[in-house]
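Here is a short set of exercises to work through with the model open beside you. Try each task before reading its solution.

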Amino acid sequence: MATTTVTDAGSVRIITEVIPATDPRAAQLASGSQAPAKTSFQTQGFRRAHPKVLGTIHIFTGIVHICFGIILTLSEHRNPSLPVASGVLFWLGVLLLVSGSLLVESERRDSPVLVKTCCVVNVGVVLGTLVATGIHGTAITRNIPGCEKPKPFQVRPEWCLNMHGKILSNGLDSISVLLGLLEFCAAVAVLAFGYDTVRQHTYTQLVREAGIRGDPGNAGPPLPSSGGPPQFGRS
């Protein structure tokens, strides 16, 4: 005879049915649970986002940002522009490398905790790309530092006569803005699928805890229902 328990856990009503070993359904459940799935149900939603692909994008763009930072630092060592002075190319590049490594690792490891970590890091990526886009956009519209309209009897610095540095800086800043858009979209996709996975994992934990409390064979007292229907049995 199977025993059914109805438990109210917050705004969720959980119905737990305990099947005895003599029930034919118990043998079917036992045979089906012997072969565990390669990917748990909690992380299946996150796998649909193809975290390995998104991680590869972040790793690639992170390396590009660091390379751009090195090029601009060497070319503007005497008079650094706003992106070089702020170090945005370096710290955003490192953040993208960390995010990409976590995403690639989450493809191999079935861990909801790792998914939560990816979501936290990608919140930083979203904010970082927005800040970096503003910095690069400001640098494109500004003149080279020290090369503004000179005052009377003021001589412009020597580097103002050579515009190759400004052209190089604007080109790299424009590419960085486009890469930032790609990084932002990838991070938003991670957050969208990751939030759904974290919510599903939290719900599964709630169901498991309520099921343990509602099990008649448990030594602890069952969780009282709040205005729900009483426990009943059926044959």
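**Exercise 1. How many helices and strands does the protein chain have, and in what order do they run?**

Solution. Start with the count: in this predicted model, the protein chain has seven helices and three strands. Next, read from the N terminus on: the elements run β-β-α-α-α-α-α-α-α-β.

Now turn to the chain overall. It has 235 residues, of which 35% count as buried. Its accessible surface comes to about 14,100 Å², and 66% of that belongs to carbon and sulfur atoms. Finally, take the contacts between residues at least 6 apart in sequence: 75% of them join residues at least 24 apart.

**Exercise 2. What do helix 3 and helix 5 span, end C-alpha to end C-alpha, and what is expected at 1.5 Å a residue?**

Solution. Begin with helix 3, which covers residues 51-75. Helix 3 has 25 residues, and the expected value is 36 Å. From first C-alpha to last, helix 3 reaches 36 Å, close to that expectation.

Then take helix 5, residues 88-108. Its 21 residues should span 30 Å, and the end C-alpha atoms are 31 Å apart, so the two values agree.

**Exercise 3. Which residues of these two helices are buried?**

Solution. Apply the cut-off of under 20% relative accessible area. In helix 3 the buried residues include Leu54, His58, Val64, His65, Phe68 and Leu72, and also Gly55, Gly62 and Gly69. In helix 5 they include Val88, Leu89, Leu92, Leu96, Leu102 and Leu103, along with Gly93, Gly100, Ser99 and Ser106.

Two of these names return when you look at helix 7, residues 164-214, where Ser176 is found. Ser176 counts as buried because its relative accessibility is 3%. Leaving out residues up to four places away in sequence, Ser176 touches His65, Phe68, Leu89 and His136. His65 and Phe68 are among the buried residues of helix 3, and Leu89 is one of those in helix 5.

**Exercise 4. Which residues make the nonpolar surface patch, and is Ile70 buried or partly exposed?**

Solution. First, the members: Ile70, Leu74 and Phe90 make a nonpolar surface patch of about 290 Å². Next, place Ile70, which lies in helix 3. Its relative accessible area is 43%, so Ile70 is partly exposed.

For another isoleucine, go to Ile167 in helix 7. Ile167 counts as exposed because its relative accessibility is 59%. Ile167 and Ile140 are 27 residues apart along the chain, yet their C-alpha atoms are separated by 9.5 Å.

**Exercise 5. How many disulfides does the structure hold, and why is Cys119 not bonded to Cys118?**

Solution. Recall that a disulfide is a covalent bond between the sulfur atoms of two cysteines. The structure holds zero disulfides. Cys118 is in none, and its nearest cysteine sulfur, that of Cys119, is 6.9 Å away. Seen from the other side, the sulfur of Cys119 has its closest cysteine sulfur in Cys118; at 6.9 Å, the pair is too far for a bond, because a disulfide needs sulfur atoms within 2.5 Å.

Next, check accessibility. Cys118 is buried at 1%, and Cys119 is buried at 11%.

Last, link back to helix 5, the place of Glu105. Glu105 has a relative accessible area of 23%, so this residue is partly exposed. Glu105 and Cys118 are 13 residues apart in sequence and 9.9 Å apart in space, C-alpha to C-alpha.

Notes
Residues numbered from 1 in each chain as written. Predicted model: local features only at pLDDT ≥ 70, side-chain atom pairs only at ≥ 80, totals over all residues. Heavy atoms only, no water. Helix = DSSP H or I, 4+ residues; strand = E, 2+ residues; numbered from the N terminus. Expected span 1.5 Å × (residues − 1). Buried < 20%, exposed > 50% of the residue type's maximum accessible area, 1.4 Å probe, protein only. Patch = residues over 30% accessible without salt bridge, like charges linked within 9 Å, V, L, I, M, F, W, Y side chains within 5 Å. Areas by Shrake-Rupley, 256 points an atom, 1.4 Å probe, with all protein chains shown as cover. Salt bridge = Lys/Arg side-chain N within 4 Å of Asp/Glu carboxyl O. Contact = heavy atoms within 4.5 Å.
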